Amino acid sequence: MTLLICLPPAQAEEHGKPWSGTITYDVQALNNEASDWDYLPQTITYHTNGKAWKIVEQGTSFERIWMGNLDEEKFHVLFHFLGHAVELLEPCPAASDDPNGEWYDAAAPCPWAVLALPKSCTLRDGPATYRIAVREKVDRAAKDWKRTFFELPEEYEPMDRLSLAALMSSLSPSED
């Protein structure tokens, strides 16, 4: 679960108001093997109401949801792993600028390691390297979001990386 995405804390747009809306990114694998991996998404959709954010990966059997609040130093990663609905709480990476990207004016949430939402950028997830490019950006008033849209679903089991590793090792066949 080492997704190094291009986004960080705080965001403001015109008139000091936080941006609210949705951005859909198309995903293009940059290393040939990556296109064969079942966890590489086909699209990534970023949602925010200006206070909370949610990133949804689509198009794989290993879809993940990333959620958090813009002012927090940790975020949640939700996914299904061998029949288990898992919720990991992850620390935000240090923010950094990527001079090779094109950026929107609004700053972005902590899991993205740049100072603004990218129009496109390169991401690394484990051994996969891929590029995301905006397909669509839609503004949406903060009051128009469903109240529960940015709330954590209850069906996921909170787990730390150590517990996830223990779960993985318990599922591995023994060498007896």
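Buried means under 20% relative accessible area, exposed means over 50%, and partly exposed is in between (1.4 Å probe, protein chains only).

**Figure 1. The whole protein, a predicted model, in one view.** By that yardstick, buried residues make up 44% of the 176 residues here. The protein exposes about 9,900 Å², and carbon and sulfur atoms supply 50% of that area; accessible areas come from the Shrake-Rupley method with a 1.4 Å probe, and for residues only the protein chains shown count as cover. You'll find one helix and eleven strands, where helices (H or I, at least four residues) and strands (E, at least two) are DSSP runs numbered from the N terminus. Along the sequence the pattern reads β-β-β-β-β-β-β-β-β-β-β-α. A contact is a case of heavy atoms within 4.5 Å. Among contacts between residues at least 6 apart in sequence, 56% join residues at least 24 apart.

**Figure 2. Where the predictor is confident, and where it is not, by pLDDT.** pLDDT is the predictor's confidence in each residue, from 0 to 100. The mean for the protein is 79, and 72% of its residues reach 70 or more. Among the elements, strand S1 (residues 3–4) has the lowest mean pLDDT, 50, while strand S3 (residues 43–48) has the highest, 93. Over residues 8–13 the pLDDT is below 50, yet beyond near neighbours in sequence this stretch has 32 contacts in the model.

**Figure 3. Strand S3, covered on both faces.** Six of the six residues in S3 are buried. In a regular strand the side chains alternate between the two faces of the sheet. On one side of S3 sit Thr43, Thr45 and His47, on the other Ile44, Tyr46 and Thr48, and all are buried.

**Figure 4. S3 and its partners, S2 and S4.** Two strands pair if DSSP finds at least two bridges between them. Strand S2 (residues 21–29) and S3 pair in the antiparallel sense over six bridges; look for Asp26, whose bridge partner in S3 is Thr43. Over on S4 (residues 52–58), six bridges again join the strand to S3, and the two run antiparallel. There, Thr45 has Val56 as its bridge partner. The hairpin of S3 and S4 has three residues between the strands, and Gly50 takes a positive phi near 95° in it.

**Figure 5. Ser20, tucked into the loop between S1 and S2.** Ser20 has a relative accessible area of 9%, so it counts as buried. A polar atom of the Ser20 side chain lies 2.6 Å from the backbone oxygen of Arg140. That side chain also reaches the backbone nitrogen of Ala142, at 3.4 Å. Not counting residues up to four places away in sequence, Ser20 touches a set of residues including Thr48, Asn49, Gly50 and Trp145.

**Figure 6. His80, a residue of strand S6 (residues 74–81).** Is His80 buried or partly exposed? His80 counts as partly exposed because its relative accessibility is 45%. Leaving aside neighbours within four places in sequence, His80 is in contact with Phe62, Ala85 and Tyr156. Arg64 is 16 residues from His80 in sequence, and 7.9 Å away in space, C-alpha to C-alpha.

**Notes on all views.** Residues are numbered from 1 along each chain as its sequence is written, and side-chain values use heavy atoms, with hydrogens and water left out. Since this is a predicted model, local features need pLDDT of at least 70 and side-chain atom pairs count only at pLDDT 80 or more, while totals for chains, interfaces and linings use all residues.

Key
A polar contact is a pair of N or O atoms within 3.5 Å; within protein, one must be able to donate a hydrogen and the other to accept it, and residues adjacent in sequence count only if both atoms are side-chain atoms.
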